[in-house]
Amino acid sequence: MTLKGTEVYETLYCEILTPLALALKSHLAEILSGVERIDSISTRAKSPKSFQGKALKSGEGGKFKYSNPLYEIQDQIGARVVVFYLSDIEVIRNRLKEYLVPIESLEKSPERDSEFGYVGEHFLFSMPDELKPDGREDDCPHFFELQIKTLFQHAWSEASHDIAYKAPRPLTRLENRQMAFSAAQSWGADQIFEKLYRSIADNDG
């Protein structure tokens, strides 16, 4: 990542990405209008500092992971939809696929059933052409990343990112176990609230 590349991204961040993220938020809000139990819809443009850090990551053989980061880094625009219950995730997923063009999807969860950690659904969608500013279409990213999380998934990932990812030192064995325990509690809360919601909704009907 050269100094020139950094300067180019900083210009794009101010002139294109930031207003594009705001336009995307309004677009998502319109698509999801009327859907119940949405806690929040948020979007962000990847900051120049964060972009540079990702662009400078090394891959196999010590070479840069991205040969052309301005085109290869796909989360320059990110979005998140936070919902109340686990079953609401499917509702949001289906609604978005009606109006947006999906490129790929990934359900992130611990590798083993006995482990607890990060959970969330990640999608890559094509950036809607109508959101791109006239005359600057070629400067806009072709895709944006979108996450769908429950309140508990979102709260745990934000807190754990702040504690573990930003920690000035590696976590101790006890601290890692405490992180896993908090993830288990988050998972359990989602399970119980989903069960309660279903039980009450079924009896009400």
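These legends go with a set of close-up views of a predicted model.

**View 1. The five-stranded sheet, from edge to edge.**
Here's the open sheet, with 5 strands in the order β1-β2-β5-β4-β3 and mixed pairing. The edge positions go to β1 (38-45) and β3 (102-108); each has a single partner strand, so one side of each is left without a neighbour in the sheet. From one strand to the next, the twist averages 15 degrees. As a reminder, strands in a sheet pair through backbone hydrogen bonds, in a parallel or antiparallel sense.

**View 2. Zooming in on β1 and β2.**
Strand β2 covers residues 77-83, and 7 bridges join β1 to it. The two strands run antiparallel. To find your way along the pairing, look for I41: its bridge partner in β2 is V81.

**View 3. Strand β4 and the strands it pairs with.**
β3 and β4 run antiparallel and are joined by 6 bridges. E107 is a handy marker here, standing opposite E121 in β4. β4 also pairs with β5, again in the antiparallel sense, over 6 bridges. On that side, H122 has Q147 in β5 as its bridge partner. Of the 7 residues of β4, 6 are buried, so the strand is largely enclosed by the rest of the structure.

**View 4. Two helices against the sheet.**
Helix α4 (residues 86-99) lies across four strands: β1, β2, β4 (120-126) and β5 (143-150). Set against β5, helix α4 runs at about 155 degrees. Helix α5 (residues 151-165) packs on the sheet too, touching β1, β2, β4 and β5. The direction of α5 makes about 110 degrees with that of β5.

**View 5. Y9 and F51, ring on ring.**
The structure holds 7 aromatic pairs, and this view picks out the one formed by Y9 and F51. The two rings are stacked, at 3.8 Å centre to centre with 5 degrees between the planes. Y9 sits in helix α1 (residues 3-31) and F51 in helix α2 (residues 48-55), so the pair ties together parts that are 42 residues apart in sequence. Both Y9 and F51 are buried.

**View 6. Y85 meets Y197.**
With ring centres 4.7 Å apart and planes at 20 degrees, Y85 and Y197 count as stacked. This pair links distant parts of the chain: Y85 belongs to the loop between β2 and α4, Y197 to helix α6 (residues 173-204), and their positions lie 112 residues apart in the numbering. How buried or exposed are the two rings' residues? Y85 has a relative accessible area of 19%, so it is buried, while Y197, at 22%, is partly exposed; the cut-off for buried is under 20%. F84 joins in as well, since ring pairs link F84, Y85 and Y197 into a cluster.

**View 7. L86 and what it touches.**
L86 lies in helix α4 and is partly exposed, with a relative accessible area of 25%. Leaving out residues up to four places away in sequence, L86 touches T150, Q153, D190, Q191 and E194. For a sense of scale, try finding E137 as well: L86 and E137 are 51 residues apart in sequence, and their C-alpha atoms are 37 Å apart in space.

Notes:
Residues numbered from 1 in each chain as written. Predicted model: local features only at pLDDT ≥ 70, side-chain atom pairs only at ≥ 80, totals over all residues. Heavy atoms only, no water. Pairing = 2+ DSSP bridges. Axes fitted to C-alpha atoms, helices over the stretch in contact; angles between N-to-C directions. Contact = heavy atoms within 4.5 Å. Phe/Tyr/Trp six-rings, centres within 6.5 Å; stacked < 30°, edge-to-face > 60°. Buried < 20%, exposed > 50% of the residue type's maximum accessible area, 1.4 Å probe, protein only.
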